[in-house]
Amino acid sequence: MNNETTYYFPCQRWLAVEEDDGQLSRELLPVDESYVLPSEDEEGGGGDSNPLDNLALEQKDKSTTFSVTVKTGDKKNAGTDANVFITLFGTQDDTGITLLKSSKTNSNKFERDSIEIFTVETLDLGDLWKVRIGHDNTGKAPGWFVDWVEVDAPSLGKCMTFPCGRWLAKNEDDGAIVRDLFHAELQTRLYTPFVPYEITLYTSDVFAAGTDANIFIVIYGCDAVCTQQKFLCTNKREQKLFFERKSASRFIVELEDVGEIIEKIRIGHDNTGMNPGWHCSHVDIRRLLPDKDGTETLTFPCDRWLATSEDDKKTIRELVPYDIFTEKYMKDGSLRQVYKEVEEPLDIVLYSVQIFTGNIPGAGTDARVYITIYGDLGDTGERYLGKSENRTNKFEKGTADTFIIEAADLGVIYKIKLRHDNSKWCADWYVEKVEIWNDTNEDEFLFLCGRWLSLKKEDGRLERLFYEKEYTGDRSSNCSSPADFWEIALSSKMADVDIETVTGPMADYVQDGPVIPYYVSVTTGKHKDAATDSRAFILLIGEDDERSNRIWLDYPRGKKGFSCGSVEEFYVGGLDVGVIKKIEVLYEMTVWTGDVVGGGTDSNIFMTLYGINGSTEEVQLDKKKARFEREQNDTFLMEILDIAPFTKMRIRIDGLGSRPEWFLERILLKNMNTGDLTMFYYGDWLSQRKGKKTLVCEMCAVIDGEEMMEWTSYTVTVKTSDILGAGTDANVFIIIFGENGDSGTLPLKQSANWNKFERNNTDTFSFPDMLSLGHLCKLRVWHDNKGLFPGWHLSYVDVKDNSRDETFRFQCDCWLSKSEGDRQTVRDFACANNEIREELEETTYEIVIETGNGGETRENVWLILEGRKNRSKEFLVENSSRQRAFRKGTTDTFEFDSIYLGDIASLCVGHLAREDRFIPKRELVWHVKTITITEMEYGNVYFFNCDSLIPLKRKRKYFRVFEVTKTTESFASKVQSLVPVKYEVIVTTGYEPGAGTDANVFVTIFGANGDTGKRELKQKMRNLFERGSTDRFFLETLELGELRKVRLEHDGSGYYSGWLVDKVEVTNTSTGVATIFSCGRWLDKNRGDGLTWRDLFPSV
């Protein structure tokens, strides 16, 4: 009062629940009186005459708008009728008590399991660190259970979560109705901060120019960086109030920062309301300069209708700036105003889009179709393809429809997105191809599609991405929506863009890690049905389970698919996965549930697949959208290891849920790359009460009507040793392993002896109708350690394959006991029939020689094989006119008897002239491409990639030496290495507080020759797995070969079950080779990702 200073606090905002952002209180900033009391000589006129109108942008920049999301728990009586309030605390200030009155999601707030969203606007608080939430305990049911509170601040680019999980009630918990919540740092999400924009839209002075529709805008910067699509009106009342004829509608919105330059905007509306048509004069966008010392205003001329009944009947327009008006405060306090035209704005281009619907039954659609076109300068946004330029009835079978799309220049077009809304009776649509022309520079872009957009066909998608034919970048993003099925990649025409610098929406879809080139060669078989015109892709999996996205292998130029016997080469880019261990293939799996009363199930279903090239791990089938119901066939996609052709499938259910039984009819697998079909028939119950009274079944693969495996029955004879206490009361189980996979778990239940497994007794068990495992190699035996006397001393087990009339013996002679021997209750035994035979004196080798196109020969060829044990004598192949060998592009096969050489390491090859044969002066060469040698006794195959020109010589001292390129070890040879080995397992627990566990811990070690099975890590009278401790265990099993993985898990029992594992070290005590498996993660339901198991891979 003494200084007679007057402060002016402008507001110009609603304080109302049903208006604006619903807030009942505002924080205001003082401004200079010149904004409130303009000078007398200032001219008026129009909406810009009030200086306060120009303050909204600056005031928005100085405030922070928080979006507060509150989750009410899913508990009985969790909702509240009380008045809820919140206080946000920052490092510089707090908001004070703010009532949460106007929810954006529900009129009846804070009901059980509901989510409410509120807006809280305040001045700068600094870094947010605490939230106080509470209520006034009024109403009929004031008690409230809060799950969590999320506070999103777009201007800060930060979304923070504040967990609660407690009652705010006088009669619950500790009786508190106000709680202080602190943010969970690991759940904080960071993104590009938003900035304020002042957007003014001018409606023309044209008859019926105003609109009741909801207007939206998208702002584009350089390099295709853009904001989200933002609707400007927040409610129906604003839609009716704004956008009247000859009016200016001003909005202050927060959107992503698109950089220093705005290249274009897209405006449009949703075509709703009584009068949706709109004639836009122009658009002004004002924003602050980077140093906040002024503003710039860009003007975007339009003067066009956005209406379905006017002009070109489009409701979307793309506009480019015409001029920029800059106001900047100088250091002396003066205001500098600069007006300039935009230099080289983007051109507005007409694109002709021709869409070809396939000529197959049911290909046409009546649904509403939408397209988005992507170029290196931006995209068109989603456009409705409403009016065809050449046809009245669009998207009919075997037709082509042309559409005109007006947009700012997109640059080089490399991708499109097509979708439809699945409306009308015939919605399914098969798209053959799409052609796009730039009518300005006549550039043409071709997109080969050949896919269904249908919920009923292929993978059930209504939306797909397609890439331009000449595009050579990553095509792993062929599927779209949801985002985890696709990745946005940069085209070869954008190759100069560094992936590390990609920002905005694209940053979420670029695969993390170094991208390297791969050379891929695909050989199609010569079978009459081997060809395909489908699109193929590969997934690469490295030794640490590092995997690439889908790498699409699109047809070479001029080809329409992969033809029979063809060899196609591709140069593609993908994630560097290190040493490639395996490749996955996409399969479509269809499961038929039988038409039987009660045939559907709620149980969890698990599947294991076996093929010629190995087997998969057990995977759970995803039960979504009421799958596996009576008389229903369910189709879904699965990524399966490349082990085809398949031989059998094992299906298991866990027997849980309200309907624990399932009637499985059959299962079909379709290779999405080749179209190959494999059928598995069952037609019975998986139930403990019905049918075969089992929860597990095995089905033989049927390909082209032929079963891939033979059926047999096994008789298992178990001999218990004749020593004191040898018998057991426990339940015994076995798994039989052979060249065709394994038998799965077989319980030894029904024996001719009433009291099984007694001392010096022999028990016999029969297993009829089993798929043949072929030559047996290993047996796993264990028991559950139950009963009064669980310890067991096993003498041997005989397994008889009744169809082959062959018996395989597994000699044991050891304890399976927790108190005897080495205290193990799980044992693996090698087949005694496969004991290493006496070293062969002689054997036969098959030699296959491929001659290349670089030169054939009529002369003789000689070879000497170098083995690890011996060296062969010379093998001379004499050429003659009657039996001509070594012609161009042919292969020749020979047999060679020799002493046993062991593993072949190298090969000497000579090119020798026949006796008395004239050799011309010019050099004669023979092009040897490959040599393949098969040792016939064991079946081991040695491959030599020679690809060399060998000159013709008269003397044997001239020859070439080739090292073996690849060795394929046969099953019979692998059997020889199955000898018992002890593995030392060292487990190190982490050092963080609470790192130790009281749960029961289990480990499974996987190697090239198999796995150990699930083994419990336990020691008597020891407190294991304490914080910072190192625990040592010994496991005996058959030689595993190269160790590939360790699975560590616990059962969640005990008072403190959470466990932080530092690492696991496994040492083969026979060779001394140690393999370290690093972990550094929690196995805890309440921490991290909540998993209580981990798959660990060898550290580099």
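Which residues is methionine 589 in contact with, leaving aside its neighbours within four places in sequence? I started my notebook there. I keep in mind that this is a predicted model.

**Entry 1: methionine 589 and its core**

I listed the contacts of methionine 589, and they are Met607, Leu621, Asp634, Thr635, Phe636, Met638, Met649, Ile667, Leu668 and Leu669. Then I looked up the largest nonpolar core, which has 29 residues. Met589 turned up there too, as one of the residues with the most contacts inside that core, together with Met649 and Ile651. I also checked which strands feed this core. At least two residues each come from strand 33 (580-593), strand 34 (605-611), strand 37 (633-641), strand 38 (646-653), strand 39 (662-671), strand 40 (677-686) and strand 41 (696-703).

**Entry 2: the whole chain**

I stepped back to the overall counts. I get four helices and 69 strands for the protein chain. Of its 1100 residues, 49% are buried. I also looked at contacts with a separation of 6 or more, and 68% of them are between residues 24 or more positions apart.

**Entry 3: two open sheets**

I picked out an open sheet of four strands, and its order reads 54-53-56-59 with antiparallel pairing. At its edges I find strand 54 (875-877) and strand 59 (960-963), each paired on one side only. Neighbouring strands here are turned by 25° against each other on average, direction ignored. I zoomed in on strand 56 (residues 904-912), which is antiparallel to strand 59 and joined to it by four bridges. Cysteine 908 has valine 961 in strand 59 as its bridge partner.

Next I took an open sheet of five strands, in the order 55-52-57-58-60, again with antiparallel pairing. The edge strands are strand 55 (891-899) and strand 60 (966-968), and each of them pairs on one side only. For this sheet, too, I noted an average turn of 25° between neighbouring strands, direction ignored. Strand 58 (residues 941-951) runs antiparallel to strand 60, and three bridges join them. I traced phenylalanine 943 to its bridge partner in strand 60, lysine 966.

**Entry 4: serine 249**

Is serine 249 buried or exposed? I found it buried, because its relative accessible area is 1%, under the 20% cut-off. Serine 249 sits in strand 13 (residues 248-256). Its side chain reaches the backbone nitrogen of phenylalanine 243 at 3.0 Å. I then listed what serine 249 contacts, leaving aside neighbours within four places in sequence: Ile199, Thr200, Leu201, Phe242 and Phe243. So phenylalanine 243 shows up both in that contact list and as the polar partner, with 3.0 Å between the side chain of serine 249 and its backbone nitrogen.

**Entry 5: cysteines**

How many disulfides does the structure hold? I count zero. Why is cysteine 280 not bonded to cysteine 302? The sulfur of cysteine 302 is the closest cysteine sulfur to that of cysteine 280, but the two are 4.2 Å apart, so they are too far for a bond. The cut-off I used is 2.5 Å. Cysteine 280 counts as buried, because its relative accessibility is 0%. I checked cysteine 831 as well, and it is in no disulfide, with the nearest cysteine sulfur, that of cysteine 777, 8.1 Å away. Cysteine 831 is also buried, at a relative accessible area of 3%.

How values were computed
Residues numbered from 1 in each chain as written. Predicted model: local features only at pLDDT ≥ 70, side-chain atom pairs only at ≥ 80, totals over all residues. Heavy atoms only, no water. Pairing = 2+ DSSP bridges. Axes fitted to C-alpha atoms, helices over the stretch in contact; angles between N-to-C directions. Buried < 20%, exposed > 50% of the residue type's maximum accessible area, 1.4 Å probe, protein only. Polar contact = N/O pair within 3.5 Å; in protein donor to acceptor, adjacent residues only side chain to side chain. Contact = heavy atoms within 4.5 Å. Core = buried A, V, L, I, M, F, W, Y, C linked by side-chain atoms within 4.5 Å.
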